[in-house]
Amino acid sequence: MPASTPHSSLDHPAEFARRHIGPDDDQIRAMLDVVGADSLDDLIADAVPQSIRSESPLATGEAVPEHVALERLAEIASANQVRTSLIGQGYHGTITPPVIRRNVLENPAWYTAYTPYQPEISQGRLEALLNFQTVVTELTGLDVANASLLDEATACAEAMTIARRQSKVKVERFFVHHDVHPQTLAVLRTRAEPIGVELVVGDLDDLTVCLDPDDGVRGGGAFGALFSLPTSTGAVVDWTDAIDRVHAAGGIAAVTTDPLAAVLVRSPGDMGADIAIGSMQRFGVPMGFGGPHAAFVAVREKAARSLPGRLVGVSTDTEGRPALRLALQTREQHIRREKATSNICTAQVLLANIAGFYAAWHGRTGLRAIAERVHSQASLAADCIGSAGLALRHDTWFDTLTVDLGSSDAADDAVARVADAGIDIRRIDESAVGITVDETTTAAIVESVISAITASPSVSEARRNWSAGLTDGDGSPALRGIPVELERTDEFLTQAVFERYHSEHEMLRYIRRLGDKDLALDRTMIPLGSCTMKLNATSEMIPITWPEFADLHPFAPAERSRGYARIIDDLETKLAEITGYDAVSLQPNAGSQGEFAGLLAIRAFHRSNGDHQRTVCLIPESAHGTNAASAVMAGLDVVVVSCDEQGNVELDDVRARIADLDDRLAGIMITYPSTHGVFETEVGELCAIVHDAGGQVYVDGANLNALVGLARPGRFGADVSHLNLHKTFCIPHGGGGPGVGPVGVRAHLAPFLPGHPLDDAAPVGPVSAAPYGSAGILPIPWMYLEMMGGDGLTRATEVAILAANHIATRLDPHFPVLYRGPSGRVAHECIIDLRDITKRSGVTVDDVAKRLIDHGFHAPTMSFPVAGTLMIEPTESESLTEIDRFCDAMIAIAAEIEAITDGRWDVDDSPLRHAPHTAEDLIGDWDRPYSRDLGAFPTAATRTSPYFAPVSRIDGAYGDRNLVCSCEPLEALASS
């Protein structure tokens, strides 16, 4: 510690902000000298238009030291009552193997990684995701699975849109069996209505009528149908006949399934399903009051190109070595925009990795043992209930039993008695209760809950009878609740990865070996523009594994979750203060879902006023691709408006479009600061133009980290924004998820925020399965806001803008900065233009990105929003030392480009085109016109901390032509 820093500062309230913000006072002074500003205040006055500046400082409270924040949070957490939960309904108690918890969930090498868009430096997490995909395909019996989705309910909604796209039937109708989880049905209704899809909910008789093309009243056909295996109330059903009927009528059949049940029960694919969806939460991922969890969707091979989200596939590198990459429709919404079938631009990668490692840890034999134990506990409960003279709704089960008690009073009494025993169960309907057992359930818990439900002091006799019949005649466990014809008999999970890592030493080394292949924030700066890869502080991450946060069911009684209620209320209040909005909903579990929720609010507001014709959303041509996709999902028509040469939205074009639309304008969706990295000075006028025409203004909050403490969207003209808590507010990216994308609105839109999943009366339905989405990671932004305080948050924004201007100033002589504000300043990010360089030298953005790997850096954002450019964002967390190391690397690359333009190297035989250089390349035969030393160590700094990519440049086209999406072909690589 510098001598000038007194020891007492360690207890200073602002100490955390000093450590969070990378540059110290001396470094800030040096950076100001480089950019030519006398002070931070002067720089901000130059960069941020005065017309949008906040008049008052943030009132989010004073900063507190880390240990004080943790103490406060521990006190709040104590208000959450973690009890035995047998509620089920898609959420289960589970045991996270300690080796996985410690070395993945709590390991920054895994939780600070970015989405694997640069596959050469992502081979470890890509292999882990390939394992996840393989688990899903093996358990569901289908050909291809994606690399996870957000939650089970939204995965079912995505399955509906896949079926709509794949089906030969063009009737806008989708059948849903009534016994799906209620939150799934609620989210399906939210997603179906705006796009004009009619949901028909009923039993198999209703399915028959629905599929009848000649029934013009209740039928007329359907493009698809959704069933559950097991059902929400616990039945294990053979859906083969129903699926055959859907196929005969030209439709697509989807089945939502429990992956642990799939270990014992015939798979959806074996029953003929085209699509399988579900959640991998019970594979070692804590309930977390609703998330984050890794959902999944699997399809038959012919539908692979309709999968939403991300898909990991096998390709080769330049030397023919097997290599992994994201395949096919990755970032589809950026390519297809308003024609995209989904706005999903993320996954739940960290949680998917945990689930994949859980499957590898237990293997087929271990998973079967867990599933049999769970089923045995359910069978014990079933026998005890029968012995007590009570009726079960179904005569089949895996882990869930529905007990019909005959009256509302009896059901009330049973729930109360069970609660007195310290256990929560599910109220199914007026006269029935449900119990769901899991891998944490013991026989003692079963006896306790059954004693309470049956009001019987002892169930020992029933237990003895059950124990006597525990096995079949051959000594194997009896699967009492699963009909023999539905028992799974095929082999699955036979790949080596699921048979090798059953000892802790082997699993520990496997996790480390994969992590070492990758670059994450724990090793290097990730200068991605528009993605804000900032510090995820340890003190912010610590609480997420506390049992009080990790082990609470999202539908537990409200009195059990008072601690969560406090955190949610605090966050909503502080986020409203930061953004200038009047109300905030934390339910959306990704930025894409926040966009959808905000646009649904706009649509519902207009419709509440009788303006059903307001269906057009203006979107600038520079916008994130998710914007257009979200607008279409929300039932809006997209009209693109142009930008000028400086990247600003063309106001004249906005006026012209509005004039053409007359009263059909719903609103405009802009990003501010713009995706070009500048503060547009006319944003207030733009908002006024739209408001005068009766429209609403949506400000995409992707770049909110350039506004916090300086300007509030809700005060300078916006009506609604989504925020990215996984960016601005320090939730880590986790390799591509988890995320939280809350939505903030002005008061007139507040009634139209997402409703509770179990509340049918809400004007707008839910967009996530759980009431508060991915609540389990909300302690992270809570800690960040508590420790930073209002002054620290503002300082962070100022330093982020300073860092971007520092990079722009240093790199501009070598790589021209494409856009600047009127004062010559950029916002929190800058775009450098390589298009002329490419014309002169042949060097592309890909070449620069791959050469940066040799320097130990992740590449900036490539070719967005302008092709042939790189968008760079340093964040406030990077020190001047690291920022200058990046600038030095870019300047060294510029010198190599100059060597090409001077004719010293041919571009195809240059270090840029051969990058990245693997260790195998460097020790093998060498006939290149530059030295091995230059290939390995392009600057002196790389010698002190070298990184060698495990593969050289990957052939993406080969991977798309030869799509392989399971881990069997990679066994040699996995064991290397």
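Me: What is the strand order of the open sheet of five strands?
Reply: The model is predicted. Its open five-stranded sheet has mixed pairing. Read across, the order is β1-β13-β14-β12-β11.

Me: Which strands of that sheet stand at the edges, each with a single partner strand?
Reply: An edge strand here has one partner, so one of its sides is left without a neighbour in the sheet. Two strands fit that description: β1 (84–86) and β11 (391–392).

Me: Do β13 and β14 pair in the parallel or the antiparallel sense, and which residue in β14 is the bridge partner of Arg427?
Reply: Strand β13 covers residues 423–429 and strand β14 covers 432–436. They pair over three bridges, in the antiparallel sense. The bridge partner of Arg427 in β14 is Val433.

Me: Which helix packs on the sheet, touching β13 and β14, and what angle does its direction make with that of β13?
Reply: The helix is α14, residues 408–420. Its direction and that of β13 make an angle of about 165°.

Me: How much space lies in the largest cavity, and which helix gives the most to its lining?
Reply: The whole structure holds 10 cavities of 30 Å³ or more. About 460 Å³ lies in the largest. Its lining has 31 residues, with Tyr114, Cys345, Cys531, His726 and Lys727 nearest the centre. The top helix contributor, with three residues, is α22 (591–608).

Me: How many polar residues are in the lining of the second largest cavity?
Reply: This cavity has a volume of about 240 Å³. Among its 21 lining residues, Gly90, His92, His181, Pro230 and Asp258 are closest to its centre. By class, the lining has three nonpolar and four charged residues, and the polar ones number 14.

Methods
Residues numbered from 1 in each chain as written. Predicted model: local features only at pLDDT ≥ 70, side-chain atom pairs only at ≥ 80, totals over all residues. Heavy atoms only, no water. 1 Å grid on protein atoms, 1.4 Å probe; cavity = no way out; pocket = protein on both sides within 12 Å on 5 of 7 lines; lining within 4 Å. Points joined across faces, edges and corners; volume = space filled by probe spheres on them. Helix = DSSP H or I, 4+ residues; strand = E, 2+ residues; numbered from the N terminus. Nonpolar A, V, L, I, M, F, W, Y, C, P; charged D, E, K, R; others polar. Pairing = 2+ DSSP bridges. Contact = heavy atoms within 4.5 Å. Axes fitted to C-alpha atoms, helices over the stretch in contact; angles between N-to-C directions.
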